[in-house]
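Here is my notebook from a first walk through this structure. Have the viewer open and follow along with me.

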Amino acid sequence: MLNIDLHCHSTISDGLLTPTQLVERAAIRGVETLALTDHDDIAGLAEARQIAETKNITFINGVEISVSWRGRTLHIVGLDIDPQYTPLIEGLAVVRAGRTQRAENIAAELAKIGIHDSLAGAYAYVGEQRLIGRTHFARFLVEQGYAKDVKSVFKKYLIKGKPGYTPHEWAALSDAIDWIRGSGGRAVIAHPGRYHLGKNVLNDLFDEFCALGGAAIEVVTSSHTPEQVIDFAKHARNMDLMVSCGSDFHGPGESYYDLGQLPELPLGCKPVWHDWKNLTSIE
Ligand code: AMP
Ligand code: MN
Ligand code: MN
Ligand code: MN
């Protein structure tokens with residue numbers, strides 16, 4: 001079986017390892033094909049690809065785009081994208097500018113409950129590319145003793161209904177898919193189990209995603225239960241969508257699956273990589 005991981009993060013977004021460290025870890029752990037999928041940024045791809053080549057890892061250019069759909073936030077992974085494609089580059093720049101603005105709003109909300117200077121605090125955890133997200137706020141709040149770990153901070157402060165949450169308008173689903181497809185890539189609905197959508201809304205999402213040219217559903221991921229894996233594989237088969245798998249690794253100990261550790265896809269699915277050239281298993 002091919003050891004493949006098509007979803008992970010580096011310090012370009014909210015991961016803890018640099019692109020180089022990430023690929024080195026993947027290599028040690030036996031990953032043969034790897035996509036780096038930072039949130040709304042492709043600045044890590046060149047470095048990751050360069051290291052991957054020295055480790056005999058097949059590297060896939062990726063990204064995870066933040067999308068607003070019917071008032072909810074969804075994540076769309078783009079695989080095998082062209083990082084030189086101008087509409088993608090420009091679209092992501094707009095999304096990142098939105099993140100900068102949202103960070104100021106989050107800091108203002110936190111100040112209302114007496115948590116001051118969180119913007120500077122969060123930025124201290126941001127990498128050189130200056131992409132800021134809730135995870136950076138979470139790390140700062142853990143440092144300040146507001147909760148024991150990142151997960152607890154999210155629960156207490158950063159998710160919908162909590163004091164540090166601010167609504168935000170991300171990219172449109174159609175735009176995200178267009179940027180990915182226009183650049184020659186495939187669009188994948190990331191971790192659908194995390195959106196807690198009812199049956200009808202979920203079916204609407206899959207219908208719309210298909211109509212817009214979406215290609216695959218991420219079935220195996222750290223945040224899915226075994227039941228969800230089976231369920232989303234079924235959806236994929238019914239909708240004639242391909243399936244994908246990725247750890248959503250952010251750093252050692254931060255996700256359920258580490259790099260190179262993913263279980264196999266359920267039988268009868270068409271992997272999103274089924275027609276990619278030159279994927280060779282070492283075994
Ligand atoms: P953002 O795109 O800035 O809103 O942040 C989303 C990121 O926050 C996700 O990619 C995860 O890395 C992290 N995240 C979201 N929800 C949680 C949670 N409940 N516990 C831990 N991390 C989370
Ligand atoms: Mn993240
Ligand atoms: Mn995600
Ligand atoms: Mn992710």
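Before looking at the metals, I wrote down what counts as a donor: an N, O or S atom within 2.8 Å of the metal, and because water is not among the atoms, a site may look incomplete. I also noted that this is a predicted model.

**Entry 1: two manganese sites**

I began with the manganese ion (ligand 4) and looked up its distance to the manganese ion (ligand 2), which is 4.7 Å. Which protein atoms hold ligand 4? I found His7 (NE2), His9 (NE2), Glu64 (OE) and Asp248 (OD), lying 2.1 to 2.2 Å from the manganese ion. Along the sequence these donors follow the spacing H-x1-H-x54-E-x183-D. I checked the two histidines as well, and both His7 and His9 are buried.

Next I turned to the manganese ion (ligand 3). Its donors are Glu64 (OE), His75 (ND1) and His191 (NE2), at 2.1 to 2.2 Å. I wrote their sequence spacing as E-x10-H-x115-H. From ligand 3 to the manganese ion (ligand 2) I read 5.7 Å. Glu64 sits in strand 3 (residues 58-69), while His191 belongs to the loop between strand 6 (186-189) and helix 8 (199-211), so this pair ties together parts that are 127 residues apart in sequence.

Glu64 caught my eye, since this residue is listed for ligand 4 and also for ligand 3. Is Glu64 buried or exposed? With the cut-off for buried set at under 20% relative accessible area, Glu64 counts as buried because its value is 1%. His191 is buried too, at 2%.

**Entry 2: strand 3 and its partners**

I stayed with strand 3 and followed its pairing. It runs antiparallel to strand 4, and 8 bridges join the two. One pair I picked out is Val63 with its bridge partner Gly78 in strand 4. The hairpin of strands 3 and 4 has 2 residues between the strands, and there I noted Arg70 with a positive phi near 50°.

Strand 4 (residues 72-79) has 6 of its 8 residues buried, so this strand is largely enclosed by the rest of the structure. Strand 4 also pairs with strand 6, in the antiparallel sense, over 4 bridges. There I found Val77 with Val188 of strand 6 as its bridge partner.

Then I looked at Ser68, another residue of strand 3. Ser68 counts as buried because its relative accessibility is 12%. What does the side chain of Ser68 reach? I found the backbone oxygen of His168 at 3.5 Å. Leaving out residues up to four places away in sequence, Ser68 touches His168, Glu169, Trp170, Ala171, Ala172 and Leu173.

**Entry 3: the surroundings of ligand 1**

I listed the residues around ligand 1: Asp14, His39, Arg99, Arg102, Gly133, Arg134, Thr135, Lys151, Phe154, Arg194 and His250. Then I looked up some polar distances to its oxygen atoms. An N or O atom in the side chain of Arg134 is 2.7 Å from one. A polar side-chain atom of His250 lies 2.9 Å from an oxygen atom of ligand 1, and for Thr135 I noted 3.2 Å.

**Entry 4: helix 5**

Thr135 led me to helix 5, where this residue is among the buried ones. How many residues of helix 5 (residues 134-143) are buried? I read 7 of 10, so I noted the helix as mostly covered. The buried set is Thr135, His136, Phe137, Ala138, Arg139, Phe140 and Leu141. What covers them includes helix 3 (86-112), helix 4 (118-123) and helix 6 (150-158). After helix 5 comes Gly145, with a positive phi near 85°.

**Entry 5: strand 8**

My last stop was strand 8 (residues 242-246), where 5 of 5 residues are buried. As a reminder to myself, side chains in a regular strand alternate between the two faces of the sheet. In strand 8 both faces are covered, with Met242, Ser244 and Gly246 on one side and Val243 and Cys245 on the other.

Which way do strand 7 (residues 216-221) and strand 8 pair, parallel or antiparallel? They are parallel, over 5 bridges. Across that pairing, Ile217 stands opposite Val243. From strand 7 I followed the chain through helix 9 (residues 226-239) to strand 8, and this β-α-β crossover is right-handed.

Note on methods:
Residues are numbered from 1 along each chain as its sequence is written. Chains are lettered from A and ligands numbered from 1 in the order in which they are written. This is a predicted model: local features need pLDDT of at least 70, side-chain atom pairs count only at pLDDT 80 or more; totals for chains, interfaces and linings use all residues. Side-chain values use heavy atoms; hydrogens and water are left out. Donors are N, O and S atoms within 2.8 Å of the metal (3.2 Å for Na, K and Ca); water is not among the atoms, so sites may look incomplete. Buried means under 20% relative accessible area, exposed over 50%, partly exposed in between (1.4 Å probe, protein chains only). Contact means heavy atoms within 4.5 Å. Two strands pair if DSSP finds at least two bridges between them. A crossover is right-handed if, with the strands pointing away from the viewer, the path from the first strand over the helix to the second runs clockwise. A residue is near a molecule or strand if one of its heavy atoms lies within 4 Å of it. A polar contact is a pair of N or O atoms within 3.5 Å; within protein, one must be able to donate a hydrogen and the other to accept it, and residues adjacent in sequence count only if both atoms are side-chain atoms.
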